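Open the model in your viewer and keep the sequence panel visible. The stops below say what to select and what is found there.

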Amino acid sequence: MSPKFKYQDREIETCGFLEKDSPSWAAFHIAFFLSSYVVPLILISVLYMWMLSRLWRSSVGGRSAESKKGKKRVTRLVVIVVAAFASLWFPIQVILVLKSVDVFKPDTHFKISLQIVSHVLAYTSSCINPLLYAFLSENFRKAFRK
């Protein structure tokens, strides 16, 4: 049966695949949190750490000061990319989990605005990586100045 609610003296019927009152509602959102935030964050962290360990163990470029400087720049970039993903997706993920257990209710303009801003931050994550790679790259900055 589809949930119904009153809105401006009209009865509105919604459709969905899970009833909000069912125990599977919270389980779905917690599973969604794990599969769309925790697992990807762990994966990118582990894979980037693996990549960085290979980079630092490699003899490419030798042990020169310039080689170490380049490896430090790459490490900084990777840390920033992972931190950007984690911090930009975290607010909406927390809101969704809190909503699923009825702790967060978007019942005020502030809370609705907070949820919208959180969504925008998450979507920003999709377009920020090219900017990070570009502006944290010394070669890009030099070419851009020219």
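## Start in the loop

Select V103, which sits in the loop between helix 2 (65-100) and helix 3. The model is predicted. V103 has a relative accessible area of 57%, and because the cut-off for exposed is over 50%, the residue counts as exposed.

Now add I30, L34 and V101 to the selection. Together with V103 they make up a nonpolar surface patch, whose accessible area comes to about 330 Å².

Next, pick D102. This residue also belongs to the loop between helix 2 and helix 3. Its phi is near 60°, a positive value in a residue that is not glycine. Most residues other than glycine have a negative phi. D102 has 44% relative accessibility and is therefore partly exposed.

## Two salt bridges

How many salt bridges does the count give? The count comes to 2.

For one of them, keep D102 selected and add K105. Their side chains meet in a salt bridge, with 4.0 Å from N to O. K105 is partly exposed as well, at 41% relative accessibility.

For the other, select K111 and D107. The closest N and O atoms of this salt bridge are 3.5 Å apart. Is D107 buried or exposed? D107 is exposed, because its relative accessible area is 53%. K111, by contrast, is partly exposed at 27%.

## Along helix 3

Select residues 109-135, which are helix 3. Three polar residues in this helix are worth a stop: Q115, S118 and S125.

Begin with Q115. Its relative accessible area is 13%, so Q115 is buried. Leaving out residues up to four places away in sequence, Q115 touches I92, I95, K99, F104 and P106. Showing these side chains as sticks gives the surroundings of Q115.

Move on to S118. Why does S118 count as buried? Its relative accessible area is 3%, and buried means under 20%. With residues up to four places away again left out, the contacts of S118 are L88, P91, I92 and I95. I92 and I95 are also among the residues that Q115 touches.

The next selection is S125. At 10% relative accessible area, S125 is buried. Beyond four places in sequence, S125 touches F85, L88 and W89. L88 appears in the contacts of S118 too.

Draw a distance between the C-alpha atoms of S125 and L88: the separation is 6.0 Å, although the two residues are 37 positions apart along the chain. Then show the side chains of S125 and W89, which are joined by a polar contact of 3.3 Å.

## Annotated spans

The UniProt record, an unreviewed entry, lists residues 26-53, 74-96 and 116-136 under "transmembrane region". Colour these three spans separately.

Select 26-53. The span is 100% helix and 0% strand, and its end C-alpha atoms are 38 Å apart. I30 and L34, which you selected earlier as members of the nonpolar patch, have numbers that fall in this span.

Select 74-96. Here too the chain is 100% helix with 0% strand, and 33 Å separates the end C-alpha atoms.

For 116-136, the tour has already visited S118 and S125.

## Zoom out

Return to the whole chain and colour by secondary structure. What pattern does the chain follow along the sequence? The order is β-β-α-α-α-α, with 4 helices and 2 strands.

Switch to a surface view. The chain exposes about 10800 Å², and carbon and sulfur atoms supply 68% of that area. Of the 146 residues, 21% count as buried, and the buried stops on this tour included Q115, S118 and S125.

Finally, turn on a contact map. Among contacts with a separation of 6 or more, residues 24 or more positions apart account for 53%. The pair of S125 and L88 is one example of residues in contact, at 37 positions apart.

Conventions
Residues numbered from 1 in each chain as written. Predicted model: local features only at pLDDT ≥ 70, side-chain atom pairs only at ≥ 80, totals over all residues. Heavy atoms only, no water. Buried < 20%, exposed > 50% of the residue type's maximum accessible area, 1.4 Å probe, protein only. Contact = heavy atoms within 4.5 Å. Polar contact = N/O pair within 3.5 Å; in protein donor to acceptor, adjacent residues only side chain to side chain. Patch = residues over 30% accessible without salt bridge, like charges linked within 9 Å, V, L, I, M, F, W, Y side chains within 5 Å. Areas by Shrake-Rupley, 256 points an atom, 1.4 Å probe, with all protein chains shown as cover. UniProt positions renumbered as here; feature names shortened; annotations may be inferred.
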